[in-house]
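Got the viewer open? Let's take a short walk around two places where helices pack together.

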Amino acid sequence: TSLFAGIQDAPLDPIMRLFEAFNADTRPGKLNLAIGVYTDAEGKVPRLRAVQEAERRWIDKALPKTYRPIEGTKPFRDAVQALLFGSGAAILGESRAATLQSVGGTGALKMGADVLARLKPGATVAVSDPTWENHRALFAQAGFTVVDYPYFSADTGGVDYGAMRAALERLPAGAIVVLHACCHNPTGADLTAEEWADLVPLMAERGLIPFLDIAYQGFGLGLDADAAPVRRFAESGQEFLVASSFSKSFSLYGERVGALTIVAADSSLRAKVEALAKRLVRASYSNPHTHGAAIVETVLTDPALRADWERELAEMRERIQAMRVRMADSLQQRHPDRGFAAIKVQKGMFSYTGLTPDEATRLREDHEVYALETGRVCVAALNAHNIDRVLDAIDAVAR
Ligand code: PLP
């Protein structure tokens with residue numbers, strides 16, 4: 001018998017399944033609001049100006065493509081820390097945070113999960129209900145028991161913080177809690193500053209291990225404001241992990257640029273955990289890639305490119321916000337009882353619109369508009385050319 005005959009069939013996650021169905025759809029008007037990619041006012045995945053300039057410089061230099069350090073270069077790691085913690089942050093001088101270049105945000109989560117699996121084998125990992133599809137699979141595959149904590153309130157379109165807090169209080173000490181720092185995927189609902197102020201000390205009191213996922217820094221309120229929860233944890237003095245992704249903020253999805261930051265109590269503990277992470281990487285993929293990280297490093301460290309990147313990121317953020325306002329106002333007016341107004345308050349690339357699975361199916365079948373069955377739409381894929389059609393289609397299926 002074949003070695004592979006015993007493999008259980010398992011479905012792809014819903015996003016990948018819809019992506020394949022979308023690709024196979026031959027209708028010319030098909031529109032994909034299911035995938036998490038930002039497109040510009042013309043519906044194109046942007047090539048950011050600063051990224052293009054950094055790439056030109058990189059090619060002109062024609063540097064040898066030798067191996068990169070296991071943890072990535074120091075300028076890259078320093079730039080990631082400054083972006084997370086703020087350039088003047090006290091923690092930058094304490095040498096208790098280790099940053100390692102990773103294979104996108106997913107690779108950062110995976111590397112963090114592998115490190116934690118050595119330290120807390122079989123621990124419970126709590127993820128928000130709902131969360132990014134891959135969190136559950138990724139932590140389960142690393143050997144953890146994955147549970148969820150209440151998060152989204154369909155009634156308000158925001159976070160049910162009371163229920164979330166109560167569930168976290170019931171977790172055993174040593175449980176790992178995955179938190180979206182900003183721009184929650186899939187709902188767009190974020191904790192308020194007051195809720196973070198309550199949650200950060202609670203995590204320490206209960207002995208919970210925070211693992212922050214920040215895949216959309218710059219898409220919510222701005223680069224600094226979006227990292228406020230990370231900075232709050234840093235100031236609290238507790239140990240935690242952060243997975244950064246630069247896929248969206250640099251529009252460099254396929255280059256797979258990200259970083260894992262592990263914050264330890266002091267610099268000698270940081271050295272120990274950094275060495276462990278490096279050993280795990282060495283036995284996994286040995287060294288990270290060069291190109292994408294070199295581009296991000298150049299943009300983050302060259303003042304002119306940095307300023308231009310921040311401008312273009314702000315343009316993306318403001319464009320999404322404009323789409324949110326149009327969507328919320330138009331749908332709220334047509335269906336005042338459906339809670340569509342929350343779309344305007346939600347942050348980042350996605351919104352939980354409150355559309356039912358049946359409505360999402362009709363949106364796809366009758367109107368060629370792909371949304372997730374959960375009602376998640378990618379607001380960042382809307383533009384002046386397609387928004388009226390999308391709003392009319394949602395209006396029609398919501399009747
Ligand atoms: N975390 C969240 C919450 C995400 O939404 C995503 C991407 O969709 C990731 C992590 C993974 O990012 P990357 O594509 O850089 O691996």
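Select Ala50, Val51, Ala54, Glu55, Arg57 and Trp58 in helix α2, then add Ala294, Ile295, Thr298 and Val299 in α11: these are the residues through which α2 and α11 meet. Colour that patch by class and you'll get seven nonpolar, one polar and two charged residues. Bear in mind as you click around that this is a predicted model.

Now show α2 in full, residues 49–61, and draw its axis along with that of α11. The axes sit 9 Å apart, at an angle of about 115°. Angles of 65 to 115 degrees count as roughly perpendicular, so that's the label for α2 and α11. Which hand does the crossing of α2 and α11 have? Right-handed.

Next stop: keep α11 on screen (residues 291–301) and bring in helix α3, residues 74–85. The axes of α3 and α11 come within 9 Å and cross at roughly 55°. That makes α3 oblique to α11. Turn the view to check the hand here too: the crossing of α3 and α11 is left-handed, whereas that of α2 and α11 is right-handed.

To see what fills this second contact, pick Pro75, Phe76, Ala79 and Leu83 on the α3 side. On the α11 side, select Ala293, Val296, Glu297, Leu300 and Thr301. How many residues of each class are in the contact of α3 with α11? Seven are nonpolar, one is polar and one is charged.

Before you leave, put both patches of α11 up together: Ala294, Ile295, Thr298 and Val299 meet α2, while Ala293, Val296, Glu297, Leu300 and Thr301 meet α3.

Key
Residues are numbered from 1 along each chain as its sequence is written. This is a predicted model: local features need pLDDT of at least 70, side-chain atom pairs count only at pLDDT 80 or more; totals for chains, interfaces and linings use all residues. Axes are lines fitted to C-alpha atoms, for helices over the stretch in contact, and angles run from 0 to 180 degrees between N-to-C directions. Helices (H or I, at least four residues) and strands (E, at least two) are DSSP runs, numbered from the N terminus. Angles under 35 degrees count as roughly parallel, over 145 as roughly antiparallel, 65 to 115 as roughly perpendicular and the rest as oblique. A crossing is left-handed if the near helix is turned anticlockwise from the far one by less than a right angle, and right-handed if clockwise. Two residues are in contact if their C-beta atoms, placed from the backbone, lie within 7 Å. Ala, Val, Leu, Ile, Met, Phe, Trp, Tyr, Cys and Pro count as nonpolar, Asp, Glu, Lys and Arg as charged, and the others, Gly among them, as polar.
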